[in-house]
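Biologist: Hello! Could you take a close look at one part of this model for me, and tell me what surrounds it?

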Amino acid sequence: MSIKGVIFDFGGVIMRTEDRNPRLALAAKYNVPIEVIEELVFRGSSAKMAELGNISAYQHWKVVAQVLGAHEEEIPTIRQQFFSGDRLNWDLIKYIQKLRQNYRTALLSNAFDDLRAELTGVSPAPSAYSLSALDHFLDYFDEVIISAEIGLSKPGHQIYQYAAERLNLYIGECVFIDDYLPNVKGALQAGMQAIRFMDTSQVCQDLKAILDNKYSY
């Protein structure tokens, strides 16, 4: 079965944390280790509920604020500062543009219910990202799949099958790229080819090797 689609994670792959100083400043302000804040935002119990759409993003950030001992009115500032060191990986995005000449592409993210509004610039809340940098961002992908919108999340096998179907492909016709090893393993177990993102050069080389070999099984 030849590869016809390439699916990319968002956070850690397309959007990279290049400057951790804003998060370190938050940690200092609330007198907690930076690892505690990152655990709360990405892997805490409310984060897991929010990425499945069981609670809203705002409800999740209320939990984060409560644990930090912050007032509810501080939530927009906390959220914006937490992500202010993140930058789009334009080198990879340019590579994706070239891929689209011959392959279907998708974004597959474990994310909250506010991500699409963020990426399209219609969020009523202050943006966590630079809207000018995100201009037409979603146009780089044939499909954008956000866990909170469908009630499925990585590394569960169903979400990979869902992503392949959205691209009108068989699961074995897709390659998935993620920086988080359990998500890579989940894709492999579901029947996709998968690559762990370490850096842009590495992932482009690994992907090119798979595509050039016209991998089949």
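Modeller: Gladly; what follows is a walk around one strand, its partners and its surroundings.

A word on the ground rules: this is a predicted model, in which local features need pLDDT of at least 70 and side-chain atom pairs count only at pLDDT 80 or more, while totals for chains, interfaces and linings use all residues. Residues are numbered from 1 along each chain as its sequence is written, and side-chain values use heavy atoms, with hydrogens and water left out.

My choice is β1 (5-8); strands (E, at least two residues) and helices (H or I, at least four) are DSSP runs numbered from the N terminus. In a regular strand, side chains alternate between the two faces of the sheet. Here V6 and F8 point one way from β1 and G5 and I7 the other. All four are buried, that is, under 20% relative accessible area with a 1.4 Å probe and protein chains only; over 50% is exposed, and in between is partly exposed.

Two strands pair with β1, where pairing takes at least two DSSP bridges. β4 (residues 104-109) runs parallel to β1 over four bridges, and L107 in β4 is the bridge partner of F8. β6 is also parallel to β1, again with four bridges, and its C174 stands opposite G5.

F8 deserves a closer view. Leaving out residues up to four places away in sequence, F8 touches V13, I14, L92, I96, L99, A106, L107, L108, F141, F176, I177 and L207, a contact being heavy atoms within 4.5 Å. F8 is also among the residues that touch the most other members of the largest nonpolar core, which has 32 residues. Such a core is a set of buried Ala, Val, Leu, Ile, Met, Phe, Trp, Tyr and Cys residues joined through side-chain atoms within 4.5 Å. β1, β6 and α12 (200-212) are among the elements that each supply at least two of its residues, and the largest share, five residues, comes from α12.

Just before β1 there is a polar link: K4 forms a salt bridge with E173, the closest N and O atoms being 3.2 Å apart. The cut-off is a side-chain nitrogen of Lys or Arg within 4 Å of a carboxyl oxygen of Asp or Glu. K4 lies in the segment before β1 and E173 in the loop between α10 (157-166) and β6, so the pair ties together parts that are 169 residues apart in sequence. E173 is buried at 8% relative accessible area, whereas K4 is partly exposed at 40%.
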